[in-house]
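Open the model in your viewer and keep the selection tool at hand. The stops below are meant to be taken in order.

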Amino acid sequence: TECVSGCVCPEGLFDDGKGGCVEQKDCPCTHNNEWYSSGQKITVDCNTCTCQKGVWSCTDNVCYGTCMIYGSGHYITFDGKFYDFDGSCEYVATQDFCGDKNPSSSFSIITENVPCGTTGVTCSKAIKMFLGVSNDTQSNKEYKEIQRDVGGDVQYWNRTVGLYLVIEASNGVMLIWDKKTTVFIKLSPDYKGKVCGLCGNFDDKSNNDFTTRSGLQESNALKFGNSWKQSPMCPDVTEEIKPCDLKPHRKSWAEKECSIIQSEVFKICHSKVDPAPFYEACVHDACSCDSGGDCECFCSAVAAYAQECTKAEACVFWRTPDIC
């Protein structure tokens, strides 16, 4: 399937993967199961890759990292690890105060999670952002500022972009919030490997993202999540909640609605972003949202997948008068 010399083409020519023979300079490249001809460019994160002689040649810009917290307890870390954690407490989403590695702190972002629905799953109700001196709190569509008199001053700006409130700080931290249950935290490359919390450590390796507050590697999402709670008074989470088992009558509705993620509508994105974890998260949320707002939960879950598709340059028009 790749550009390799062999006994399929005349001497000096290469199989182009489509049944033809080409010179080496015209060899195509593959990315996410799609073929690109020589000279074509694609964007991956913040880098541009060009197909040259069958091999991708990419720029090596260092990209911003993004962590996403959405719906009822779904997390995607800066390094792309997907997990669920349903704790009812305040937790450190990310901070740059991580013990010995980085003893000083220039920011921390705390998420306050509360039960939503009757099954025990939790959603992010408020986000607190500490930047040097000032501290912004956002909860249930409100936004207020509280002054603290410690640490250096960090400038920040807030603006509204479409559905989102965006807060951008001069220290390379950005918070994007949809005023409901989806939060994106973006960090500049300077923080690579220097942060900790539920969003992981941003070192481009997802296998060590479950590092607890005491610096230990954990394999269990619950033990990892519990270590980042702000107050020892909150109870630890001891078991993973499966809302569809608790509300079996909602399961078939949830699966039917969420199947849009795996349908033709999103086909262009399937090879770029794996739909499976987003589909499972959608079914989980649609089952758990049983005290009103169930359509909003479903829509937020599909929007989360659509957002990742957009990041991977696969724009999908999925909202219709009937859906969200």
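The tour of this predicted model goes from the nonpolar cores to strand E11, then to the disulfides and the largest pocket.

**Stop 1: the nonpolar cores**

Select Phe78, Tyr83, Phe107, Ile109, Leu175, Ile185 and Leu187. These are the residues with the most contacts inside the largest nonpolar core, which has 42 residues. Now colour by secondary structure and look at what feeds this core. Two or more residues each come from E8, E11, strand E12 (107–115), strand E13 (122–131), strand E17 (164–169), strand E18 (173–177), strand E19 (183–187) and helix H1 (221–227). A second core, separate from this one, has 33 residues; select Tyr70, Ile261, Val283 and Tyr305 to find part of it. In soluble globular proteins, nonpolar side chains tend to be buried together.

Return to the larger set and centre on Tyr83. Leaving out residues up to four places away in sequence, Tyr83 touches Gly73, His74, Tyr75, Thr77, Leu198, Phe210, Ala221 and Phe224.

**Stop 2: strand E11**

Select residues 89–95, which make up strand E11, and pick out Thr94 within them. Is Thr94 buried or exposed? Its relative accessible area is 0%, so Thr94 is buried. Show the contacts of Thr94 beyond four places in sequence: they are Phe78, Phe107, Ser108, Ile109, Ile185, Leu187, Val195, Cys196 and Cys199. Phe78, Phe107, Ile109, Ile185 and Leu187 were also selected at the first stop, among the residues with the most contacts in the largest core.

Next take Tyr91, which is also placed in strand E11. Tyr91 is buried too, at a relative accessible area of 0%. Beyond four places in sequence, Tyr91 is in contact with Phe85, Ile109, Ile110, Thr111, Asn113, Leu198, Gly225, Trp228, Lys229, Gln230 and Val237. Ile109 therefore appears in the contact lists of Thr94 and of Tyr91. To see how the fold brings distant parts of the chain together, draw a C-alpha to C-alpha distance from Tyr91 to Asn226: 8.3 Å in space, for 135 residues in sequence.

**Stop 3: the disulfides**

Show all cysteine side chains. How many disulfides does a search of the whole structure find? There are 13. A disulfide is a covalent bond between the sulfur atoms of two cysteines. Three of these links are visited here.

Start with Cys67 and Cys199, whose sulfur atoms are 2.0 Å apart. The link is left-handed, at -75 degrees about the S-S bond. Cys67 is in strand E8 and Cys199 in the loop between E19 and H1, so this disulfide ties together parts 132 residues apart in sequence. Both ends are buried: the relative accessible area is 0% for Cys67 and 0% for Cys199. Cys199 was met earlier, as a contact of Thr94.

Move to Cys29 and Cys51, joined by a disulfide with an S to S distance of 2.0 Å. Here the link is right-handed, with 90 degrees about the S-S bond. Cys29 belongs to strand E3 (residues 29–31) and Cys51 to strand E6 (residues 47–52), so the bond connects parts that are 22 residues apart in sequence. Cys29 is buried at 2% relative accessible area, and Cys51 is buried at 1%.

Then select Cys49 and Cys58, again with 2.0 Å from S to S. This link is right-handed, at 110 degrees about the S-S bond. Its two ends fall into separate classes: Cys49 is buried at 5% relative accessibility, whereas Cys58 is partly exposed at 44%.

Finish with Cys315. Why is Cys315 not bonded to Cys309? Cys309 holds the closest cysteine sulfur, but that sulfur is 9.2 Å from the sulfur of Cys315, which is too far for a bond. Cys315 is exposed, with a relative accessible area of 52%.

**Stop 4: the largest pocket**

Switch on a surface and select Val44, Asp45, Glu308, Lys311 and Ala312. The largest pocket holds about 920 Å³ of space. Its lining has 31 residues, and the five now selected are the closest to its centre. Strand E5 (41–44), strand E8 (65–70) and helix H6 (294–311) each give two or more residues to the lining. Which of the elements gives the most to the lining? E8 does, with 4 residues. Colour the lining by residue type to see 15 nonpolar, 7 polar and 9 charged residues.

Note on methods. Residues numbered from 1 in each chain as written. Predicted model: local features only at pLDDT ≥ 70, side-chain atom pairs only at ≥ 80, totals over all residues. Heavy atoms only, no water. Buried < 20%, exposed > 50% of the residue type's maximum accessible area, 1.4 Å probe, protein only. Contact = heavy atoms within 4.5 Å. 1 Å grid on protein atoms, 1.4 Å probe; cavity = no way out; pocket = protein on both sides within 12 Å on 5 of 7 lines; lining within 4 Å. Points joined across faces, edges and corners; volume = space filled by probe spheres on them. Nonpolar A, V, L, I, M, F, W, Y, C, P; charged D, E, K, R; others polar. Core = buried A, V, L, I, M, F, W, Y, C linked by side-chain atoms within 4.5 Å. Disulfide = S-S within 2.5 Å.
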